[in-house]
Amino acid sequence: MKVLGINGSHRAGKGTAALLQAALDAAAEAGAETELVELSRLNIGFCIGCNKCLMQTSCTLSDDMEGLYEKMRGADAILLASPDYFGTVSARTKNFMDRTRPFHMVENVLKGKIGAGLTTAGLNNCGAEGTLALIDQWLATHEMLAVHARPEGPVLAPGAIATGFAGLDEAGRPVWRSVKGDAIGFAIARQLGTDVVALGERLGR
Ligand SMILES: Cc1cc2nc3c(=O)[nH]c(=O)nc-3n(C[C@H](O)[C@H](O)[C@H](O)COP(=O)(O)O)c2cc1C
């Protein structure tokens, strides 16, 4: 089973990448072949709205999306990660979503593939759930099978969200940490990787 992780952060290898990697590591431990793609390392132009994809399952632009289309076709599961920017995905992630329109208008190329979203944010309760909801909507549009992970035991959080907020100091100022310090977010990300592979096995992939 192939699990493709796509990171829509502008900062390769930083917080969002770490959260995505945690999910991919758990998927690999469960037996999957994994790959993490950093969108920021690729040359992917803006969708120009030419609407050619109303008639064809390919894009008129010629750039690094071509290779990514092939990776997505070959993947059994796609994990899409984005930082929370103003309560939604980063512009880089949104443009990636737009560029997947050729996989949707003539036929749903990604239909039946497994999918999941992950996000990182600066603050708690400041838009991360909206970011995950947008990724869920993208998965639903492509008729993908969305996995929402929940580790055993008490409910910890609504999804794979890691934040850099570590509370307030005595003066009431926020204390920041690396998102890697968010034990709950990373536990859910790992569970997500495990659950994605478990679903794949149930589906015979
Ligand atoms: C333009 C911009 C907008 C942001 N908007 C939010 C926001 O609405 N809520 C929030 O909690 N964090 C927000 N953040 C913080 C990022 O979500 C957070 O730093 C994230 O972990 C960065 O991921 P990265 O390490 O992959 O770059 C914003 C950051 C930037 C640069």
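**Figure 1. The Lys94–Asp98 pair within helix α3 of the predicted model.** Helix α3 contains both Lys94 and Asp98, which are four residues apart, or about one turn of the helix. Their side chains form a salt bridge with an N to O distance of 2.7 Å. Lys94 is classed as partly exposed because its relative accessibility of 37% falls between the limits of 20% and 50%. Asp98, at 29% relative accessibility, is likewise counted as partly exposed.

**Figure 2. The salt bridge between Lys71 and Glu35.** In this view the two side chains meet with an N to O distance of 2.8 Å. Lys71 belongs to helix α2 and Glu35 to strand β2, so the contact ties together parts that are 36 residues apart in sequence. The relative accessible area of Lys71 is 35%, which makes this residue partly exposed. Glu35 is also partly exposed, with a value of 34%.

**Figure 3. The salt bridge between Asp169 and Arg173.** The side chains of Asp169 and Arg173 are joined at 3.1 Å, N to O. Asp169 has a relative accessible area of 27% and is partly exposed. Arg173, with a relative accessible area of 52%, is exposed, because the class begins over 50%. The structure as a whole holds eight salt bridges, and the pair shown here is one of them.

**Figure 4. Polar contacts of the ligand with Ser9, Gly87 and Thr120.** A side-chain N or O atom of Ser9 lies 2.7 Å from an oxygen atom of the ligand. For Thr120, a polar side-chain atom is found 2.8 Å from a ligand oxygen atom. Gly87 contributes through its backbone, with an N or O atom placed 3.3 Å from an oxygen atom of the ligand. The ligand taken alone exposes 650 Å², of which the protein buries 72%. Two or more residues of the surrounding shell are supplied by each of the elements α1 (15-29) and β4.

**Figure 5. Composition of the shell around the ligand.** There are 16 residues around the ligand, and those that come nearest are Ser9, Arg11, Thr16, Asp84 and Cys126. Divided by class, the shell has seven nonpolar residues, six polar residues and three charged residues.

**Figure 6. A nonpolar surface patch formed by Leu54, Met55, Met105 and Val106.** Together, these four residues present about 380 Å² of accessible area. Met105 is located in the loop that runs between α3 (91-99) and β4 (114-121). With a relative accessible area of 33%, Met105 is partly exposed. This value is over the 30% required of a patch member, so Met105 meets the accessibility condition for inclusion.

**Figure 7. The approach of Gln56 and Val106.** The C-alpha atoms of Gln56 and Val106 are separated by 6.2 Å, although the two residues stand 50 residues apart along the chain. Gln56 is situated in the loop between β2 (33-38) and α2 (65-74). The relative accessible area of Gln56 is 28%, and the residue is therefore partly exposed. Val106 is also one of the residues of the nonpolar surface patch, together with Leu54, Met55 and Met105.

Definitions and conventions. Residues are numbered from 1 along each chain as its sequence is written. This is a predicted model: local features need pLDDT of at least 70, side-chain atom pairs count only at pLDDT 80 or more; totals for chains, interfaces and linings use all residues. Side-chain values use heavy atoms; hydrogens and water are left out. Patches are made of residues with over 30% relative accessible area and no salt bridge: like charges are joined within 9 Å, nonpolar side chains (Val, Leu, Ile, Met, Phe, Trp, Tyr) within 5 Å. Accessible areas come from the Shrake-Rupley method with a 1.4 Å probe; for residues, only the protein chains shown count as cover. Buried means under 20% relative accessible area, exposed over 50%, partly exposed in between (1.4 Å probe, protein chains only). A residue is near a molecule or strand if one of its heavy atoms lies within 4 Å of it. A polar contact is a pair of N or O atoms within 3.5 Å; within protein, one must be able to donate a hydrogen and the other to accept it, and residues adjacent in sequence count only if both atoms are side-chain atoms. Ala, Val, Leu, Ile, Met, Phe, Trp, Tyr, Cys and Pro count as nonpolar, Asp, Glu, Lys and Arg as charged, and the others, Gly among them, as polar.
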